[in-house]
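Take a walk through this model, one element at a time. Keep the sequence alongside as you read.

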Amino acid sequence: MVLTPRQLFLRHQAQTSDFPLLLEIERAEGVYMYGPDGRRYLDLISGIGVSNVGHRHPRVLAGIQAQLDKYLHLMVYGELVQAVPAQLAEAIHQTLPAQLDSVFFTNSGTEAIEGALKLAKRHTGRTELISCLNAYHGSTHGALSITGSEGFKNSFRPLLPDVRHIRHNELADLALITERTAAVVIETVQGEAGVRVPSPGYLPALRARCSEVGALLILDEIQCGYGRTGTMWAFEQFGIEPDILVCAKGMGGGMPIGAFISSTEIMSGFKTNPILGHCTTFGGHPVSCAAALATLQVMQDERLAEGVAAKAERFRAQLRHPAIRAVRGRGLMMAVEFDSFAVLKPIIDHALEREGILTDWFLFCDNSLRLAPPLTISEAEIDEACAALLRAIEHITRGGGGISDRAGQTN
């Protein structure tokens, strides 16, 4: 008997919940994904902020193919000179403040966070790490330690010691940052908390406090970077610069890659005492770097970040309904708030199963619908998405009821 992909998925692939989405996709292009039966789904979450230039952008595919024709993995990170990773590092540096001139490539965002935490401890000689409540930084042990949800951490203790959490956007809590603090790790715009944008003075005050006590400021732009909020980097909108910047997700055009970026002075701490203070086998893989370089070039050549604000406003102008309590966000990183998860989940289910619209909720904010479409989404596609979402909202709120049994994650 030949098992179907769905059967193989359920029988042999490790699961992350008892309620996987189980949407089978055969191919994808632009903002759309297609099932084996040819049904089309409009992707409004971009693989959770990954497909910023859309699925299978032709220039990303061309970059991958060009590298495939040369070589794949050659050596562990940082030993051999390989053209594409070096070119990518220089291209990223050109988008950043001058002092952020040293790029360490990883395989993912959570690995980049791990490297950033080690780097901060190495440079400062301190141990205390501070992050925000309801922050999400990844699932590996160090990243999980600074994630701001006890429910996600309790089953995996002991985690890193000397971790403290502060309230996001609360100036009074900045006094908790002291001469013991190695680093403060913060999402420039909080993602899994339901897209929380800091007030104008908060991040400058945080930057000033870190500088005052000698703590490093680590900005996590894994979700909000790479044009998602309307500028290449979200921190550009707040008048600050980090000591360490972390990115991933949207940088690879669909290929796995992440990075943490700092000054040459700070990053040099990994070279001695001990040597290879941080290393990785596959970080900076040439194929992923080729995809990332092409992605960056597409974003720059097509000026994708510049179009984000108008596209976000087009969503806001149309997403009006008595059941919608608020639309939060910055650029195309948005949260549409409803009264409760009980209201939201049937809307998400109906939008997917009847309208062909893929969206989701947030880990730490289950009454809000996630909107993070590819930055390439057109005005017509925005109109299509909004009309479908409004039909789903109207159907459910007028008593149409839910469809599936997919469970939710509450705070």
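The expected span of a helix is 1.5 Å times one less than its number of residues. Hold that rule against helix α5, in a model that is predicted. Helix α5 covers residues 109–124, 16 residues in total. From first C-alpha to last, α5 reaches 23 Å. The expected figure is 22 Å, and the model comes close to it.

Next, burial along the same helix. The buried residues of α5 start with G109, T110, A112 and I113. G115, A116 and L117 are buried too. L119, A120 and T124 complete the set. A general point helps in reading such a list. An α-helix has 3.6 residues a turn, so residues three or four places apart point the same way. Just after α5 comes G125, where phi turns positive, at about 70°.

Now the sheet. Four strands make up an open sheet, and their pairing is mixed. The order across it is β1-β2-β3-β13. Which strands sit at the edges? They are β1 (27–29) and β13 (357–358), each of which pairs on one side only. Look at the β1 edge. Strand β1 runs antiparallel to β2 (residues 32–34), and 3 bridges join the two. One of the residue pairs to find is A28 with M33, its bridge partner in β2.

Turn to the interior. How many cavities of 30 Å³ or more does a search of the whole structure find? The search finds 1. The largest cavity holds about 30 Å³ of space. Its lining consists of L319, V336, F338, L369, L389 and I393. By class, that lining is 6 nonpolar residues, with no polar and no charged ones.

Last, the cysteines. A disulfide is a covalent bond between the sulfur atoms of two cysteines. How many disulfides does the model have? The count comes to 0. C224 is in no disulfide, and the nearest cysteine sulfur, that of C247, is 10 Å away. The cut-off for a disulfide is a pair of cysteine sulfur atoms within 2.5 Å. Why does C289 not bond to C247? C247 has the closest cysteine sulfur to that of C289, but the two are 11 Å apart, which is too far for a bond.

Are these cysteines, C224 and C289, buried or exposed? C224 has 1% relative accessibility, so C224 counts as buried. C289 has 0%, so C289 counts as buried as well.

Methods:
Residues numbered from 1 in each chain as written. Predicted model: local features only at pLDDT ≥ 70, side-chain atom pairs only at ≥ 80, totals over all residues. Heavy atoms only, no water. Pairing = 2+ DSSP bridges. Buried < 20%, exposed > 50% of the residue type's maximum accessible area, 1.4 Å probe, protein only. 1 Å grid on protein atoms, 1.4 Å probe; cavity = no way out; pocket = protein on both sides within 12 Å on 5 of 7 lines; lining within 4 Å. Points joined across faces, edges and corners; volume = space filled by probe spheres on them. Nonpolar A, V, L, I, M, F, W, Y, C, P; charged D, E, K, R; others polar.
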